[in-house]
Amino acid sequence: DKYQFDHPGEETLCKNVDKFITVTSLFNENYERFKKPILHIPHAIPNEEFTPEIEKVQEHKELLPSNQQKLGIYIGTIDGRLDYDVLKQMHEEIEDANFVYIGPKRIDSIPAAQELFIDNPPPNLFYLPPVHFSRLKYFVANADFGFAIMNENVNGTNISHHKTLQYMAQG
């Protein structure tokens, strides 16, 4: 993970490991000062995730909005890592697209999220509860674009977001 070394124990933990394993080379510089081996293993997505069966793509299309507008998709936990001010603006300014969110909602303590998803959802916001990972490719295949509007002030969201790679790989 991308530790900032501002929480008790992070520094001690790093001094007491035998090796670091990172998923992005951007993390490596944080750990070089500990003089331990660093193994970089990039995120890997199996090839079968990019070859969804056409009939299953069509089945999943029936679960999505059907008003012929462009379809954007976000897959992941809906929590404090998202930038709700930008999302609200996106929904208001891009009226000719539907935005589908798939994933668990953890927004009880986030007033802006409560407003957007519960109290006053815009007509172009659609929510689906979490689905098994094996089914996500069918939803992505039906989307025109993917989005991940992350709050850059939250630690860990200011690096290359892995969802972006998944969306791009699906076209």
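Is Asp79 buried or exposed? Asp79 is buried, with a relative accessible area of 15%. Keep in mind that this is a predicted model, so every value here is computed from predicted coordinates.

**The overall layout**

Let's start with the big picture. The chain has 7 helices and 6 strands. Walk along from the N terminus and you meet the elements in the order α-β-α-β-α-β-α-β-α-β-α-β-α. Of the 171 residues in the chain, 35% are buried.

**Salt bridges**

Back to Asp79, which has a charged partner. Arg81 makes a salt bridge with Asp79, and their closest N and O atoms sit 3.1 Å apart. The two ends of this bridge fall into separate burial classes: Asp79 is buried at 15% relative accessible area, while Arg81 is partly exposed at 32%. The cut-off behind that split is simple, because buried means under 20% relative accessible area and exposed means over 50%, with partly exposed in between.

A search of the whole structure turns up 2 salt bridges. Besides the Arg81 and Asp79 pair, there is one between Glu11 and Arg33, with the closest N and O atoms 3.0 Å apart. Glu11 belongs to helix α1 (residues 10-15) and Arg33 to the loop between α2 (28-31) and β2, so this bridge ties together parts that are 22 residues apart in sequence. Glu11 counts as partly exposed at 27% relative accessibility, and Arg33 is partly exposed too, with a relative accessible area of 46%.

**Aromatic rings**

Now for the rings. The whole structure holds 9 aromatic pairs. Tyr74 and Tyr101 make one of them: their ring centres are 6.1 Å apart and their planes stand at 55°, so the pair is tilted. Tyr74 sits in strand β3 (residues 70-75) and Tyr101 in strand β4 (residues 97-102), so the contact ties together parts that are 27 residues apart in sequence. Both Tyr74 and Tyr101 are buried.

Tyr74 also pairs with Phe147. Here the ring centres are 6.1 Å apart and the planes stand at 40°, so this pair is tilted as well. It links distant parts of the chain, with Tyr74 in strand β3 and Phe147 in the loop between β6 (145-146) and α7 (162-170), 73 residues apart. Like Tyr74, Phe147 is buried.

Which residues make up the aromatic cluster? Tyr74, Tyr84, Phe99, Tyr101, Phe117, Phe145 and Phe147 form one cluster.

**Surface patches**

Over to the surface. Glu53, Glu55, Glu59 and Glu62 gather there in a patch of negative charge. Glu53 is in the loop between β2 (38-40) and α3 (54-61), and is partly exposed with a relative accessible area of 31%.

There is a nonpolar patch as well, formed by Ile21, Leu39 and Ile41, with about 270 Å² of accessible area together. Leu39 lies in strand β2 and is partly exposed, at 37% relative accessible area. Strand β2 also holds Ile38, which is partly exposed at 29% relative accessible area. Ile38 and Asn28 are 10 residues apart in sequence, and their C-alpha atoms are 7.0 Å apart in space.

**Two positive phi angles**

Where do the listed positive phi values turn up? Lys35 has a phi near 55°, a positive value in a residue other than glycine, and it is found in the loop between α2 and β2. Gln68 has a phi near 65°, again positive in a residue other than glycine, and lies in the loop between α3 and β3. The table puts these two residues side by side.

| Residue | Phi | Location | Relative accessible area | Class |
|---|---|---|---|---|
| Lys35 | near 55° | loop between α2 and β2 | 72% | exposed |
| Gln68 | near 65° | loop between α3 and β3 | 76% | exposed |

Note on methods. Residues are numbered from 1 along each chain as its sequence is written. This is a predicted model: local features need pLDDT of at least 70, side-chain atom pairs count only at pLDDT 80 or more; totals for chains, interfaces and linings use all residues. Side-chain values use heavy atoms; hydrogens and water are left out. Patches are made of residues with over 30% relative accessible area and no salt bridge: like charges are joined within 9 Å, nonpolar side chains (Val, Leu, Ile, Met, Phe, Trp, Tyr) within 5 Å. Accessible areas come from the Shrake-Rupley method with a 1.4 Å probe; for residues, only the protein chains shown count as cover. A salt bridge is a side-chain nitrogen of Lys or Arg within 4 Å of a carboxyl oxygen of Asp or Glu. Lys and Arg count as positive and Asp and Glu as negative; His and the chain ends are not counted. The place of a charge is taken as NZ of Lys, CZ of Arg, CG of Asp or CD of Glu. Helices (H or I, at least four residues) and strands (E, at least two) are DSSP runs, numbered from the N terminus. Buried means under 20% relative accessible area, exposed over 50%, partly exposed in between (1.4 Å probe, protein chains only). Rings of Phe, Tyr and Trp (its six-membered ring) pair if their centres lie within 6.5 Å; planes under 30 degrees apart count as stacked, over 60 as edge-to-face and the rest as tilted.
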